[in-house]
Structures are given as structure tokens and as C-alpha cells.
Amino acid sequence: MKYYIVIPAHNEAQFIRLTLESLVNQTVLPTKVVVVNDNSTDETAAIVEEFTKTHQWIRIFENKSEAIHLPGSKVIQAFNKGFELLDSDYDIIVKADADLIFPSNYFETIIHHFNSDDQIGMVGGFAYIEKNGNWILENLTDKDHIRGAFKAYRKACFEQIGGLKAAMGWDTVDELLCRFYGWKIKTDESLHVKHLKPTGANYNKTSRYKQGEAFYSLGYGFWITTIAALKLASRKRKPFLFIDYINGFWKAKSNKKSLLVTEEQAKFNRTYRWKKIKEKLF
């Protein structure tokens with residue numbers, strides 16, 4: 001199976017060499033990699049260009065965007081710019097961050113999972129962060145969720161869900177739509193991806209409200225949002241984030257913010273979330 005990778009990158013000179021080296025060392029190489037250099041002011045472009053000289057399947061695209069960093073929208077806008085440069089001759093499309101180290105068998109294993117069941121629409125491993133010299137699980141989500149840092153989609157699934165939404169919550173709505181259309185999601189605990197930069201390291205106070213807005217945009221409703229906000233703030237060990245998330249939800253509701261899904265899909269999302277909550281309680 002052919003897989004293409006799009007990597008949005010903004011000032012990633014500290015890490016992107018390690019990411020590209022891990023791709024060059026894959027047991028099954030990608031057919032194409034596009035790095036979208038999104039308004040970087042450091043040496044990101046120069047490092048990527050080094051790789052383009054020796055690996056013809058790696059290319060760089062210079063993208064000019066606003067300097068402000070908002071989770072979700074900015075990174076997916078950059079991804080979409082890179083995706084537009086690719087042809088349609090692929091089996092798997094991958095959105096990857098520029099601060100990762102993939103194990104050498106990562107994509108060989110990903111391809112194996114896709115080949116094992118043609119109803120699998122998405123596959124991914126797990127993110128690990130370094131703490132006191134050890135690599136530990138970055139335990140921010142449930143184990144049936146694929147982190148936004150590394151998403152691999154079967155072509156048919158990617159097309160049916162309408163690609164990626166340029167908004168906070170994109171990496172949740174994609175999975176909810178995947179399930180809505182009957183696709184399976186596969187996570188593999190044997191695949192440890194080293195995540196070199198902590199999630200949300202560049203987010204500011206305004207960005208924190210975006211998570212609550214995202215819960216609203218997914219059609220969760222107040223009570224599911226409250227439970228999700230409590231869980232996420234607890235996992236991040238920052239209890240006051242709960243207030244930011246709830247304020248973000250009410251801000252979106254009062255402004256009648258558009259949903260990222262249809263009413264039918266929102267109902268499906270709520271039913272699915274309540275089912276997951278009940279499974280954990282009982």
C-alpha cells in the first residue's frame with residue numbers, strides 16, 4: 001500500500017531532523033512526504049531542504065500564514081495546503097507532526113493493520129514523552145483514540161469523512177465521523193511514538209477556551225462536555241483548565257457557533273459518548 005505523509009511545521013528546527021530521520025529509516029518507506037513550512041522564522045526550511053537533496057520523495061512547501069498559534073485551525077490549514085499538492089494515487093494518507101520519532105517498523109505495521117481488515121478506516125500507535133530519563137505514555141486520551149500528532153487514514157475513509165476540519169476538535173470529529181459511517185479504528189499499543197514536545201506547549205489563555213468551544217462544536221451538550229472537561233483537566237493535572245473549558249463551551253453556545261457535524265451526526269456523537277461513559281461506570 002502506498003502512503004503519503006503531510007507534515008505541517010512551524011519553527012520546528014529543534015526536532016524536525018529527528019522526525020525526518022525516523023521516516024528515512026522506515027522498513028517500508030513512504031511514497032511521498034510533503035513538509036509544509038508554515039511561516040517559520042528558524043532553520044526549519046534549511047533542515048528539510050537537506051533531506052530533499054538526498055531523498056526525492058521528500059519535498060517542502062512554503063506557506064505564509066498568520067503568526068498567531070491557535071490549536072486545530074492553523075495546523076489543519078497547513079495540512080490542507082500540503083494535501084492539495086499531492087496526487088490521488090495513494091492508499092493511505094498520514095497527517096504527522098514535526099516533533100516525532102517513529103519506530104522503524106511503524107508504517108510497516110500500520111499497513112499490516114489496514115491489509116488485515118478492509119473495514120479499518122484509521123490506524124495509529126501511542127505517544128510517549130520523556131520524563132526523568134524515561135519514556136512514558138502521554139496519557140491524555142482513551143486508548144481507543146488516535147492522537148492528532150499521527151493520524152493514518154484509509155483513502156476511502158478519508159474521503160467519506162470529508163477530509164480534516166480546520167478547527168479545534170478536528171482529531172475527535174474525524175473519529176466520530178469514521179464510526180458514524182461504519183469504519184473501524186485500530187490502535188496498536190506496541191507502536192511507541194516519541195513525542196518530543198509536550199502537547200499544548202505553545203497554547204495561550206485564549207487557546208484554552210477553544211477546547212470548550214470544540215466540545216460544543218462536536219454536539220456534545222453540556223453534561224457530556226462537563227464530564228469530558230473534568231477528565232481532560234484531570235489528566236493534564238491542571239484543574240483550573242476545567243473552568244476555561246466550560247467557559248469556552250458557554251461562549252460558543254451563546255454565540256450560536258456552527259457545529260462541525262450535522263444534527264444527525266451530533267446525535268450519534270452523544271449516543272456514542274454516553275455509551276462509553278456508562279461502560280466505564282458499570
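**Salt bridges**

A search of the whole of this predicted model finds 14 salt bridges. Three of the pairs are visited below.

Select K74 and D38 to begin. Their side chains meet in a salt bridge, with 3.3 Å from N to O. The pair links distant parts of the chain: K74 belongs to helix 3 (residues 73-84), D38 to strand 2 (residues 32-38), and their positions lie 36 residues apart in the numbering. Are these two partners buried or exposed? K74 is buried, at a relative accessible area of 8%, and D38 is also buried, at 3%.

Next, select D117 and K184. Here the side chains form a salt bridge at 2.7 Å, N to O. D117 sits in the loop between helix 4 (106-116) and strand 6 (120-131), whereas K184 is in strand 9 (residues 184-195); the two are 67 residues apart, and the pair links distant parts of the chain. K184 counts as partly exposed, with 43% relative accessibility.

Move on to D144 and K276, whose side chains meet in a salt bridge of 2.8 Å, N to O. This pair, too, links distant parts of the chain, its members being 132 residues apart. To find them, look for D144 in the loop between strand 7 (134-137) and strand 8 (150-154), and for K276 in helix 10 (residues 263-281). D144 is partly exposed, its relative accessible area being 24%. Add R179 to the selection: salt bridges with shared partners join D144, R179 and K276 into one network.

**The nonpolar core**

Now turn to the largest nonpolar core, which has 71 residues. Which of its members touch the most other members? They are I5, I7, I93, F102, F107 and F150. Colour strand 1 (residues 3-9) as well, since this strand gives the most to the core, with 6 residues.

Centre the view on I5 and display its surroundings. Setting aside residues up to four places away in sequence, I5 touches L23, P30, K32, V33, V34, V94, A96 and F107. One of these, F107, is also among the core members that touch the most others.

**Two cysteines without a disulfide**

The structure holds 0 disulfides. Select C157 and show its sulfur: C157 is in no disulfide, and the nearest cysteine sulfur, belonging to C178, lies 3.7 Å away. Why is this pair not counted as a disulfide? The sulfur atoms would have to be within 2.5 Å, and therefore the separation of 3.7 Å does not qualify. Seen from C178, the nearest cysteine sulfur is that of C157, and C178 is likewise in no disulfide. C157 is buried, with a relative accessible area of 0%. C178 also counts as buried, at 0% relative accessibility.

**F222 and its contacts**

For the last stop, select F222, which is located in helix 8 (residues 222-235). F222 is partly exposed, with a relative accessible area of 28%. What does F222 contact, leaving aside its neighbours within four places in sequence? The partners to display are I246, F249 and W250. Finally, place a distance label between the C-alpha atoms of F222 and F249: these atoms are separated by 7.8 Å, although the two residues are 27 residues apart along the chain.

Key. Residues numbered from 1 in each chain as written. Predicted model: local features only at pLDDT ≥ 70, side-chain atom pairs only at ≥ 80, totals over all residues. Heavy atoms only, no water. Salt bridge = Lys/Arg side-chain N within 4 Å of Asp/Glu carboxyl O. Helix = DSSP H or I, 4+ residues; strand = E, 2+ residues; numbered from the N terminus. Buried < 20%, exposed > 50% of the residue type's maximum accessible area, 1.4 Å probe, protein only. Core = buried A, V, L, I, M, F, W, Y, C linked by side-chain atoms within 4.5 Å. Contact = heavy atoms within 4.5 Å.
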